[in-house]
Amino acid sequence: MSLPPSRRAAAVLLGVAALAPLIVRDSFVLDSLILILMWGALSAAWNVAGGYAGQVSLGHAAFFGIGAYSAALMTARFQQSPWLGLVLGVVLSLAAGGAIGYLSNRLRGPYFALSTIAFSQVLLIGASRWRGFTAGSEGIPVPFRPGVWTLGLGHVAWVYVALVLAVLCYAVEIWLEGSRIGYQLAGIREDEDAAEALGIASRRLKVFAVTLSAALTSVGGTLWAQYVGFVDPFYVFSIDLSIRFALNTIIGGLGTALGPFLGSILITSLETYLRATFSGFKTGFAGIYLVIYGTALILVVRFAPEGLIGLAGRFGAWRARADA
Amino acid sequence: MLTLERVTKRFGGLTAVREVSLHVRQGDLLGIIGPNGAGKTTLFNVISGYYRPDGGRVVFAGRDMAGLPPHVICRLGLTRTFQLVKPFGNLSVVDNAMIGALTRLPSVSAARLEAERVIETCGLAPHAAARARALPIGLRKRLEVARALATRPRLLLLDEAMAGLNPSELVGMIELIRRLHADGVTLIVIEHIMAAMMRLARRIVVLHHGEAIAEGTPGEIASDRRVIDAYLGEEFVLAQA
């Protein structure tokens, strides 16, 4: 096999995730695995716009929330299948992603990021105030009805649902790395004026990347809400969540297919471990994961500016030299 | 092939380009010279679609280009390079050229072959796998040309491709531009370095304060009174003598 090391690592990691539920039955471990896969997939979805196309969004919670609410309202208010909610969420996110991409087309760098934050905040206010329909700031409990059509599943089944999502997002990343559009997006990311001069319709492609990323994020939002069973507007539309997608990716390796998953493995497992460890303490540790993010980010920027992927690459080169 | 009719570009109260007219035929190698701030790069930005002219017309291949964005103009066959080079810094040299090639060739594998060919032409083959930002300025200038060439332009606009090069790099770049011209690419070259321009261009237009004050062969330009007053100075005349 002549696959590059990062592809082989991805195959191993996904394989381990697929086999784990056959061996481990501990619900805490399976829950951690599901969250690692989901946050990894969502960070990969963010990476499509933020890493590959250089459209760094800090408002991706908007699309996550659209997906979460679409399915939650579909099941709680209309007694329909969450799968219909998933489709509705994707449609709404395609529209919202297209609109935000189009409207902020002239904005670059921090200005684009600011406009995405504003967008997610507008949705947060809308969802938390529209009491009659969304139940406002109280949030919506997602009814649990056993079955695949209703997404009322056990931990083992959820591992495979999360795995499918992870493989889907990873496959989109791999497709971008080898396709014409992926190269053109890389050109836009590196220098938009130069890309235009070389015949690349940068505005249209930026909208495409943001829209694709939004749709995948919405799917993740739907599945997360159905798994967790509760949609709180202050969580699903929060800036914290948007930052989580970005930081997982930056810590793992921006613009690399495996990076978002590596970031998620590190951050999510640390977070769930610490939450379990300190759950006995009533106060003080609620925000511990923010401390983890901060510390991890500082360490990465200082010692591995290209993320864990870059670190692994340097280690590989060092070992090759040591062998020679 | 390319016709400019009384093209004007203003920035507030400043007229950067004033009623410039010129005509480029298939196979030309036109030079544009002028002191700093004469409006050379502004003129390129108007021709290549980055600025919309405030007056006059730009006609390329029989088509009025007013309001067309740069990527459409590139697809029509007119590609420009930048004076301040804009490499895709984190990508390899061959990927840089490939992104240009993908404009004409939808298939990634065909574009890669084309990119390798162009890199060979531009003498960058030994650096194909290097990251663009790791290249010294002389090679970055070549990469800028290679990338533009990969889009298969009929008319190529080079904005100070020779500025900042050492003497041996300069010779190499002059050779490269001559080769491209011989291969059938029509060129407009902006340059600061008079000596190089005199050896390269068939025809030269002189810009001064945004106006085209003279046009002619290198010999005619070098002896034109207005040009000497505006730009070349007495020393150049003495040096020529």
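**Entry 1: the interface between the chains**

I looked up the area buried between chain B and chain A in this predicted model, and the value is about 2000 Å², with carbon and sulfur atoms giving 58% of that area. Three residues of chain B stand out in the listing, since B:His71, B:Phe88 and B:Ile99 supply 27% of the area that chain B buries against chain A, more than any other three residues. Counting contacts instead of area, I noted that 29 residues of chain B are in contact with 21 residues of chain A.

I then turned to the polar side of this interface. How many salt bridges are there between chain B and chain A? The count is one salt bridge, and the pair is B:Arg131 with A:Glu306, whose closest N and O atoms are 3.6 Å apart. For polar contacts between chain B and chain A, I recorded nine residue pairs, both partners at pLDDT 80 or more. I also listed the elements of chain B that each supply at least two residues of the side touching chain A, and these are helix 2 (70-75), strand 6 (78-80), helix 3 (93-101), helix 4 (108-121) and helix 5 (137-149). Sorted by class, the side of chain B that touches chain A has 14 nonpolar, seven polar and eight charged residues.

**Entry 2: helix 3 of chain B**

Helix 3 of chain B came up in the interface listing, and I therefore checked how far it is covered: nine of its nine residues are buried, so this helix is largely enclosed by the rest of the structure. The buried residues are B:Val93, B:Val94, B:Asp95, B:Asn96, B:Ala97, B:Met98, B:Ile99, B:Gly100 and B:Ala101. Which elements do the buried residues of helix 3 of chain B pack against? They pack against helix 4 and helix 5 of chain B, together with helix 8 (180-190) of chain A.

**Entry 3: salt bridges**

A search of the whole structure gave me 19 salt bridges over all chains. I followed one of them from helix 3 of chain B, where B:Asp95 forms a salt bridge with B:Arg112, the closest N and O atoms being 3.4 Å apart. This pair links distant parts of the chain, with B:Asp95 in helix 3 and B:Arg112 in helix 4 of chain B, 17 residues apart. I checked both partners for accessibility: B:Asp95 is buried, with a relative accessible area of 15%, whereas B:Arg112 counts as partly exposed at 27%.

Another salt bridge joins B:Arg147 and B:Glu144, and here the closest N and O atoms are 3.3 Å apart. Because the two residues are three residues apart in helix 5 of chain B, they are separated by about one helical turn. I found both B:Arg147 and B:Glu144 to be buried. I also noted that the side chains of B:Arg226 and B:Asp224 meet in a salt bridge of 3.3 Å, N to O, and that B:Asp224 counts as buried at 17% relative accessibility. In chain A, salt bridges that share partners join A:Arg108, A:Glu192, A:Asp193 and A:Lys206 into one network.

**Entry 4: cysteines**

How many disulfides does the structure hold over all chains? I found zero disulfides. The sulfur of B:Cys74 has its closest cysteine sulfur in B:Cys122, and because the two are 15 Å apart, they are too far for a bond. Both cysteines are covered, as B:Cys74 is buried with a relative accessible area of 0%, and B:Cys122 likewise counts as buried at 0%.

**Entry 5: two buried residues**

I picked A:Ser120, which has its place in helix 5 (residues 110-129) of chain A, and asked whether it is buried or exposed. At 0% relative accessibility, A:Ser120 counts as buried. Leaving out residues up to four places away in sequence, A:Ser120 touches A:Gly59, A:Ala62 and A:Phe237.

In chain B I took B:Leu30, placed in strand 3 (residues 29-33), and this residue counts as buried at 1% relative accessibility. With the neighbours up to four places away in sequence again left out, B:Leu30 touches B:Leu22, B:Val24, B:Leu187, B:Ile188, B:Val189, B:Arg203, B:Ile204 and B:Val205. I also recorded that B:Leu30 and B:Asp159 are 129 residues apart in sequence and 12 Å apart in space, C-alpha to C-alpha.

Methods: Residues are numbered from 1 along each chain as its sequence is written. Chains are lettered from A and ligands numbered from 1 in the order in which they are written. This is a predicted model: local features need pLDDT of at least 70, side-chain atom pairs count only at pLDDT 80 or more; totals for chains, interfaces and linings use all residues. Side-chain values use heavy atoms; hydrogens and water are left out. Contact means heavy atoms within 4.5 Å. Buried area is the accessible area (1.4 Å probe) that two parts lose on being put together, summed over both. A salt bridge is a side-chain nitrogen of Lys or Arg within 4 Å of a carboxyl oxygen of Asp or Glu. A polar contact is a pair of N or O atoms within 3.5 Å; within protein, one must be able to donate a hydrogen and the other to accept it, and residues adjacent in sequence count only if both atoms are side-chain atoms. Helices (H or I, at least four residues) and strands (E, at least two) are DSSP runs, numbered from the N terminus. Ala, Val, Leu, Ile, Met, Phe, Trp, Tyr, Cys and Pro count as nonpolar, Asp, Glu, Lys and Arg as charged, and the others, Gly among them, as polar. A disulfide is a pair of cysteine sulfur atoms within 2.5 Å. Buried means under 20% relative accessible area, exposed over 50%, partly exposed in between (1.4 Å probe, protein chains only).
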